[in-house]
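Here are a few short exercises to work through with the coordinates open. Try each task yourself before reading the solution.

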Amino acid sequence: MTKDQLFSGESKNIEYKVTVPDKSEKYMKTVVAFANGRGGRIVFGIDDKTLNIVGIDTDIVYKTMDAITNAISDACEPTIRPDVALQTVNDKIVIVVEIFPGAQRPYYIKSQGMVEGTYVRVSGTTRHVEGYMLKELILEGQNRYFDCEICRDMQVSDSDIEKFCKRLKETAIKNTWQESEKAKIKDVTKNILISWGILKEEEGKVYPTNAYALLTGKMPQQPVIQCGIFKGTNRAHFVDRREFEGPIQEQMEAAYQYVLEKINMGMTIRGMYRQDVYELPTDSIRELIANAVAHRSYLEPGNIQVALFGDRLEITSPGMLLNNVTISKMMEGYSKPRNPAIARAFAYMKVIEKWGTGIPRLFSNCEEYGLPKPELIDFDGDFRVNMYRKRDTNIETDRKTNTNTETNIKTNTEMLYTDTETAERIIAIMRKHPAITVKKIAEQLNLSVGGVRYHVNKMKKDGLVEHIGSSKKGTWSIKNGGFSVSGITTKK
């Protein structure tokens with residue numbers, strides 16, 4: 001390691017220890033976490049808080065190296081073989097233990113067992129693996145994919161398969177603009193679905209996989225796409241919310257159309273003609289949402305979130321990047337689908353043009369639009385893309401669509417409750433649990449605390465609800481049995 005690398009600070013792939021602990025389990029968690037991820041280094045002889053070089057006693061340094069190698073070999077399952085080396089920095093010796101990404105995941109501490117002894121690296125810290133992530137590691141270690149696994153809760157008939165194949169082709173034709181290309185789209189058959197991994201054949205019988213369930217909207221606990229509009233640059237002021245259900249490709253299209261309705265549309269002059277133009281590149285919006293659907297972890301219980309702020313469009317997909325995928329590789333066009341069966345179906349339906357080209361095109365499109373560079377973030381079990389809006393533009397705003405910019409957003413009075421359903425749900429919860437807190441309401445509705453507080457404060461101001469007592473021990477009182485917005489009255 002170079003000196004700069006050595007002192008870059010603790011991160012996803014480096015950790016410091018002042019000394020080698022007497023109990024190896026204190027660092028063995030990090031060893032298996034590195035093996036379960038993208039690898040990393042543990043440096044013994046550096047203070048993790050001050051980065052001061054303490055060094056290792058030269059009289060015992062080789063004995064210590066052997067002890068570390070043996071401890072890792074004995075404690076971990078499957079066997080992990082580290083690269084243990086010495087490095088001299090400022091006349092002091094440190095031990096650098098390099099752990100390589102393993103191919104036999106999950107790796108775990110043998111004495112604790114697989115469930116309790118498996119750890120992963122998240123945002124520079126070592127954490128005990130969550131259940132869904134352990135399942136993903138097991139599949140990855142066996143070179144299997146969740147979307148290609150049989151969905152045991154479903155049955156499929158030849159008639160179902162025929163209808164599904166027909167819908168795939170209809171979608172492919174719909175997404176093809178040139179008539180000459182439409183004629184080239186081939187029929188999908190049962191055997192093609194088997195080759196894609198959407199169906200699976202076992203002992204002469206055909207079963208639907210998780211990909212089939214997701215693409216038909218029949219997955220037990222089918223995930224949804226959540227869309228939200230926020231005033232300003234954070235989640236404190238909630239304006240509008242939608243949740244799209246059904247087959248994942250239909251959710252994707254609905255979310256895409258929702259964003260188009262909410263961003264600014266302007267106009268520009270090309271030669272002698274007026275041309276409408278959105279403030280963000282629409283092809284990139286569509287592809288980012290499609291990527292989120294195709295690459296998300298369906299073992300993780302969360303949902304894809306598409307959030308529009310005053311300064312950016314934010315798309316968050318559950319599941320960290322796969323271990324051999326990095327942001328720098330993605331910038332160069334590298335792509336490895338987490339869900340290959342869904343990826344093949346999306347490619348056939350023309351949902352995504354070419355795998356691996358979306359991120360490079362995103363940066364190119366944003367540059368052409370004069371927008372700031374997009375931001376790619378791999379954090380805390382999720383992956384997020386931020387596409388930034390350009391507030392000062394030469395494009396004349398048409399004000400045709402609703403947006404959350406200062407010039408085009410509805411005033412608070414006009415939008416008394418833009419999302420009437422949310423207000424109704426808040427009051428329904430208050431009726432059922434009069435002593436509930438705003439924080440608990442937010443948890444039940446899967447909304448931000450600031451968003452719920454905005455609605456509650458508005459209802460209090462308009463005399464619809466009243467809070468009696470302290471903020472922690474008080475109760476809610478519903479006035480006049482409910483309220484009416486645009487002719488819609490809350491349920492009693």
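**Exercise 1. Placing a helix on the sheet**

Which strands does α3 lie across, and at about how many degrees does α3 run to β5?

Solution. Keep in mind that you're working with a predicted model. Start with the contacts: α3 lies across β2, β4 and β5. Then take the angle, and you get about 15 degrees between α3 and β5. Now try α2 in the same way. That helix lies across β1, β2 and β5, and it runs at about 155 degrees to β2.

**Exercise 2. Reading the sheet**

Work out the strand order of the open sheet, and find the strands that stand at its edges.

Solution. First, the order: the four strands go β1-β2-β5-β4, with mixed pairing. Next, look for strands with a single partner. These are β1 (14-17) and β4, so each of them has one side left without a neighbour in the sheet. From one strand to the next, the twist averages 25 degrees.

Now zoom in on one pair. Strands β2 and β5 run antiparallel and are joined by five bridges. To check one of them, pick Val43 and you'll find Val96 in β5 as its bridge partner. As background, strands in a sheet pair through backbone hydrogen bonds, either parallel or antiparallel.

**Exercise 3. Two sides of α3**

Sort residues of α3 into buried and exposed, then explain the pattern.

Solution. Begin with the helix itself: α3 covers residues 61-75, which is 15 residues. From first C-alpha to last it reaches 21 Å, close to the 21 Å expected at 1.5 Å a residue.

Then apply the cut-off: buried means under 20% relative accessible area, exposed over 50%. Val61, Thr64, Met65, Ile68, Ala71, Ile72 and Ala75 come out buried. They sit on the same side of α3 because they cover an arc of only 130 degrees around the axis. On the other side, Tyr62, Lys63 and Asp74 are exposed.

Last step: what does the covering of the buried residues include? The list includes helix α2 (25-36) and the strands β2 (40-44), β3 (76-77), β4 (83-89), β5 (92-99) and β6 (108-109).

**Exercise 4. Zooming out**

Describe the whole chain with a handful of totals.

Solution. Count the elements, and you have 17 helices and 23 strands. For burial, 49% of the 492 residues are buried. For the surface, the accessible area comes to about 25,100 Å², with 48% of it belonging to carbon and sulfur atoms. Finally, take the contacts between residues at least 6 apart in sequence: 65% of these join residues at least 24 apart.

Terms used: Residues are numbered from 1 along each chain as its sequence is written. This is a predicted model: local features need pLDDT of at least 70, side-chain atom pairs count only at pLDDT 80 or more; totals for chains, interfaces and linings use all residues. Side-chain values use heavy atoms; hydrogens and water are left out. The expected span of a helix is 1.5 Å times one less than its number of residues. Buried means under 20% relative accessible area, exposed over 50%, partly exposed in between (1.4 Å probe, protein chains only). The arc is that of the directions from the helix axis to the C-beta atoms. Contact means heavy atoms within 4.5 Å. Accessible areas come from the Shrake-Rupley method with a 1.4 Å probe; for residues, only the protein chains shown count as cover. Two strands pair if DSSP finds at least two bridges between them. Axes are lines fitted to C-alpha atoms, for helices over the stretch in contact, and angles run from 0 to 180 degrees between N-to-C directions.
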